[in-house]
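Here is a walk through a protein–DNA model, written for someone who has the coordinates open. We'll take the fold, then each DNA strand, then the core.

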Protein chains: 2
Amino acid sequence: MSKPVVPRPTDTELAILRVLWERGASTVRQVHDTLLRERPTAYTTALKMLQIMTEKGLVRRDESDRTHIYHAKLTEEQTQRQLVRDLLDRAFGGSSSKLVMQALATRRASSEELTEIRKLIAQSGNTGETQGRTENTEATQGKRREVGDDRD
Amino acid sequence: MSKPVVPRPTDTELAILRVLWERGASTVRQVHDTLLRERPTAYTTALKMLQIMTEKGLVRRDESDRTHIYHAKLTEEQTQRQLVRDLLDRAFGGSSSKLVMQALATRRASSEELTEIRKLIAQSGNTGETQGRTENTEATQGKRREVGDDRD
DNA sequence: TATTGTCAACGAAGACTTTCGTAGGGCAGG
DNA sequence: CCTGCCCTACGAAAGTCTTCGTTGACAATA
């Protein structure tokens, strides 16, 4: 009932976390190279961010090699849940139905999304317990990531 | 290629917006008094925040009287939509079904909430025949985020 | 061995947030 | 007219976020 184990990631931190989730454990160099595809940025910026994120506990660092390796402490799903909960508290008075409503109003929900969502709702007939495992229903959208790995 | 008309409110700004949504147009004094119920804070803090929020366009100020009157520029729903869209982009790759999933996993969804949500989904069902283009969902990073419809 | 390249660690600048003290104007009651 | 109260406007302090240049350690290579 206290503070989250990890603080809410900032925008930049989230961008880095996305990289780590996508690539898995990575070096600063790899994170930086990936970040470069989106926007120009200096290597030391990525390094500094990862150092700070380590202090905050957002990522873990393996220092056994000279070139450190970072990986996200929480999974993407855990972080998403944290962010949703946070937003729920800050802007929705805790009402998840309102949040869902706005999510639908977003117009980003394609018909496939809607179908998927409907399925989710149907499953969650049970309210008492936790949703059990966070199924990775990524069937929603084909995985079309161009993971054209840099080099390595 | 227009940026959101208003910036994403910070935590404190959101707290103030909540007051304005709840009370309707209010004076600094009224906002401050309401804020006091949650946490101790100085009058000038509320004043300063409202001044800044006016500059940012988050609120409007009626200066016709010596005691100014502030009101939120966007409705609660508009802001919620903006925040959801924002979160969708930053942490969910645009997938609203994933967001809904996490909203449900939050365990905050009471059975009434679930019922409500189910109703929503059912309604949005007939949206199925989304005429026009259904915006391909894979635009994970929308370059163009129009928030055009901020009018009521 | 000298050179070149990679890497972590700082430190600091600049922008943004949040908080509050102080100042000055207006206004009502004395 | 003076006093005290309420109001707005500043500005500054402290904290956070983001970015990047510089430095020194290491290592591979010529």
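Helices here are DSSP runs of H or I with at least four residues, strands are E runs of at least two, and both are numbered from the N terminus. With that in hand, chain A reads α-α-α-β-β-α-α-α along its sequence, which gives six helices and two strands.

Two bits of housekeeping. This is a predicted model, in which local features need pLDDT of at least 70 and side-chain atom pairs count only at pLDDT 80 or more, while totals for chains, interfaces and linings use all residues. Residues are numbered from 1 along each chain as its sequence is written, chains are lettered from A and ligands numbered from 1 in the order in which they are written, and side-chain values use heavy atoms, leaving out hydrogens and water.

**Chain A and one of its histidines**

Chain A has 152 residues, and 39% of them are buried. Buried means under 20% relative accessible area, exposed means over 50%, and partly exposed is in between, using a 1.4 Å probe and the protein chains only. Contacts are heavy atoms within 4.5 Å. Among chain A contacts between residues at least 6 apart in sequence, 54% link residues at least 24 apart.

Take His32(A), which sits in helix 2 of chain A. Is His32(A) buried or exposed? His32(A) counts as buried because its relative accessible area is 7%. Setting aside neighbours within four places in sequence, His32(A) contacts Thr41(A), Ala42(A), Tyr43(A) and Ala46(A). A polar atom of the His32(A) side chain also lies 3.4 Å from the backbone nitrogen of Tyr43(A).

**DNA strand C**

A residue is near a strand if one of its heavy atoms lies within 4 Å of it. DNA strand C is surrounded by 23 residues, and the closest are Arg29(A), Tyr43(A), Arg66(A), Thr10(B) and Arg66(B). Sugar or phosphate accounts for 63% of the strand C atoms within 4 Å of the protein, with bases making up the rest.

Which elements each supply at least two residues of this surface? They are helix 2 (28-36) and helix 3 (43-56) of chain A, plus helix 3 (43-56) of chain B. Helix 3 of chain B gives the largest share, six residues. Sorted by class, the surface near strand C has six nonpolar, nine polar and eight charged residues. (Nonpolar covers Ala, Val, Leu, Ile, Met, Phe, Trp, Tyr, Cys and Pro; charged covers Asp, Glu, Lys and Arg; the others, Gly among them, are polar.)

**DNA strand D**

DNA strand D also has 23 residues around it, with Thr10(A), Ala42(A), Arg29(B), Tyr43(B) and Arg61(B) the closest. Of its atoms within 4 Å of the protein, 62% are sugar or phosphate and the rest belong to bases. The largest share of the surface near strand D comes from helix 3 of chain A, with six residues. By class, that surface has six nonpolar, nine polar and eight charged residues.

The table collects some polar contacts to phosphate oxygens; a polar contact is a pair of N or O atoms within 3.5 Å, and within protein one must be able to donate a hydrogen and the other to accept it, with residues adjacent in sequence counting only if both atoms are side-chain atoms.

| Residue | Part of residue | DNA strand | Distance |
|---|---|---|---|
| Gln51(A) | side chain | C | 3.2 Å |
| Arg61(A) | side chain | C | 2.9 Å |
| Lys56(B) | side chain | C | 3.3 Å |
| Ala42(A) | backbone | D | 3.0 Å |
| Arg29(B) | side chain | D | 2.5 Å |
| His68(B) | backbone | D | 3.1 Å |

**The hairpin in chain B**

Two strands pair if DSSP finds at least two bridges between them. In chain B, strand 1 (residues 59-62) and strand 2 (residues 69-72) pair in the antiparallel sense over four bridges. A hairpin of six residues joins them. Across the pair, Val59(B) is bridged to Ala72(B), and Arg61(B) stands opposite Tyr70(B).

In a regular strand the side chains alternate between the two faces of the sheet. Strand 2 of chain B has Tyr70(B) and Ala72(B) on its covered face, with Ile69(B) and His71(B) on the uncovered one.

**The core**

A nonpolar core is a set of buried Ala, Val, Leu, Ile, Met, Phe, Trp, Tyr and Cys residues joined through side-chain atoms within 4.5 Å. The largest one has 66 residues, and Leu99(A) and Leu99(B) touch the most other members. Not counting residues up to four places away in sequence, Leu99(A) touches Val84(A), Leu87(A), Leu88(A) and Phe92(A), along with Val84(B), Leu99(B) and Ala103(B).
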